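Q: Please take a close look at a single part of this structure. I would like to know what its side chains pack against and how that part fits with the rest.

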Amino acid sequence: MVDFTTWRVAVLIIGGIALASAILFAKFLPASRNFRPIRLNPKALIDGFSVHFKDAGLPWLFLGAFLLMGCFVTMFNYIGYRLLAEPYHMSQALVGLLSAAYLAGIYSSAKVGSLADKYGRRSMFMVSILVRAAGLGLTMASPVAVILPGMVVFTFGFFGAHSVASSWIGRRTVRAKGQASSLYLFSYYVGSSVVGSLGGFAYHAGGWNGVGAFMGAFLLVALVVTLKLKNYQPPQPIWVDQSKIWHVLHGGTLLRNAKAHAANKAELWAWLAGNRVMRRSNPSGSCARPQAHEKRWRLARSHFYVELRYRLQLLISNYLLSTIFLEHQSESAQRELSFPAM
């Protein structure tokens, strides 16, 4: 966009998009149905973090998030410099459009997530990292016709691995799930800051070959993390007779009214499971669950729209930010060249 206007106008557009997104988010996002506010207890907070770090698998998933996002940010931080330089001499607008590769994540995050349900999270997590390594290898070639597909393949693998790892957190966590997700995201963005910044030293020392070796080393560590995760089985659910739980919760006395007892027990059990009750209009008061395929379709459709909106926002913001940054860099270089010698 700075090819047609100033960087200040571009920043103003980014702010407008962010403001509009916040307004739409607040207006159309449905209210939470299962949220129950709790008082902040520092001891419980510390206990929750302690439980997560003592878990055999969660710390490895946190490390995986650090490595995944760090390599991804490194790729898009420095590939633009390579394509701006000889022999490519791409314009700033074209380099900014490289963020269109993010759209591959719309498909890969949903597809790899479904394949993980079929073939297992460990297997698909490893496959996604290998796909990223293949994409990185393609970007090491010289032709642009190979570099650009390599970026798409690399992005495809990243969002696939991220969808598996982020869902794995929720499935593995037994308690304090919100804290586990926060630790995952914390590691995720620390990786983008730390590894993404260190990649600049690799680029300065060895150009794109240095960056490729740098990212390859981190992907190798990510494969080691995957191998470690293969040794840990997720916590198994403890199945208990519902009637026994109902009996204990009522102090050992069951309700005499059979219809009310069945309805209340179903509601209580659904509440304990964290699921919404959908009750038939019959005298037994039992719960009727929706068909599995309909539920999966609703979740997939909702996930698709959320992912699409997220990727489009990333595409627009990254395009504008990259063009602004590159324009600023070119202006600085011109000032240095025109500065009179002392």
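A: What follows starts with one helix, then moves to the loop after it and to the charged pairs elsewhere.

The model is predicted, so local features need pLDDT of at least 70 and side-chain atom pairs count only at pLDDT 80 or more, while totals for chains, interfaces and linings use all residues. Residues are numbered from 1 along each chain as its sequence is written, and side-chain values use heavy atoms, with hydrogens and water left out.

The protein chain has 11 helices and zero strands (DSSP runs numbered from the N terminus: H or I of at least four residues for helices, E of at least two for strands). Of its 342 residues, 33% count as buried (under 20% relative accessible area; exposed is over 50%, partly exposed lies in between, with a 1.4 Å probe and protein chains only).

The part chosen here is helix α3, residues 58-84. Phenylalanine 72 and phenylalanine 76 both lie in it, four residues apart, about one turn of the helix. Phenylalanine 72 counts as buried at 3% relative accessibility, and phenylalanine 76 is buried at 16%. Aromatic rings of Phe, Tyr and Trp (its six-membered ring) pair if their centres lie within 6.5 Å; planes under 30 degrees apart are stacked, over 60 edge-to-face, and the rest tilted. By this rule there are 17 aromatic pairs. The ring centres of phenylalanine 72 and phenylalanine 76 are 5.0 Å apart with planes at 50°, so this pair is tilted. Both residues belong to one aromatic cluster, which also includes Tyr102, Phe158 and Phe159.

Phe72 and Met75 are among the residues with the most contacts inside the largest nonpolar core, which has 52 residues (a set of buried Ala, Val, Leu, Ile, Met, Phe, Trp, Tyr and Cys joined through side-chain atoms within 4.5 Å). The elements that give two or more residues to this core are α3, α5 (104-119), α6 (121-139), α7 (144-172) and α8 (177-229). Leaving aside residues up to four places away in sequence, methionine 75 touches Leu136, Thr139, Met151, Phe154, Trp208 and Met215 (contact means heavy atoms within 4.5 Å).

The loop between α3 and α4 (92-96) holds proline 87. The peptide bond from glutamate 86 to proline 87 is cis, with omega near 0°. Histidine 89, in that loop, has a positive phi, near 55°. Most residues other than glycine have a negative phi, and most peptide bonds are trans. At 53% relative accessibility, histidine 89 counts as exposed.

As for charged pairs, the whole structure has three salt bridges (a side-chain nitrogen of Lys or Arg within 4 Å of a carboxyl oxygen of Asp or Glu). One of them joins aspartate 55 and arginine 172 at 2.6 Å, N to O. Aspartate 55 is in the loop between α2 and α3, and arginine 172 is in helix α7, 117 residues away. Aspartate 55 is buried at 19%, as is arginine 172 at 7%. Another salt bridge, between lysine 43 and aspartate 47, has its closest N and O atoms 3.1 Å apart; both residues lie in helix α2 (residues 42-54). Lysine 43 is exposed at 58%, and aspartate 47 is partly exposed at 30%.
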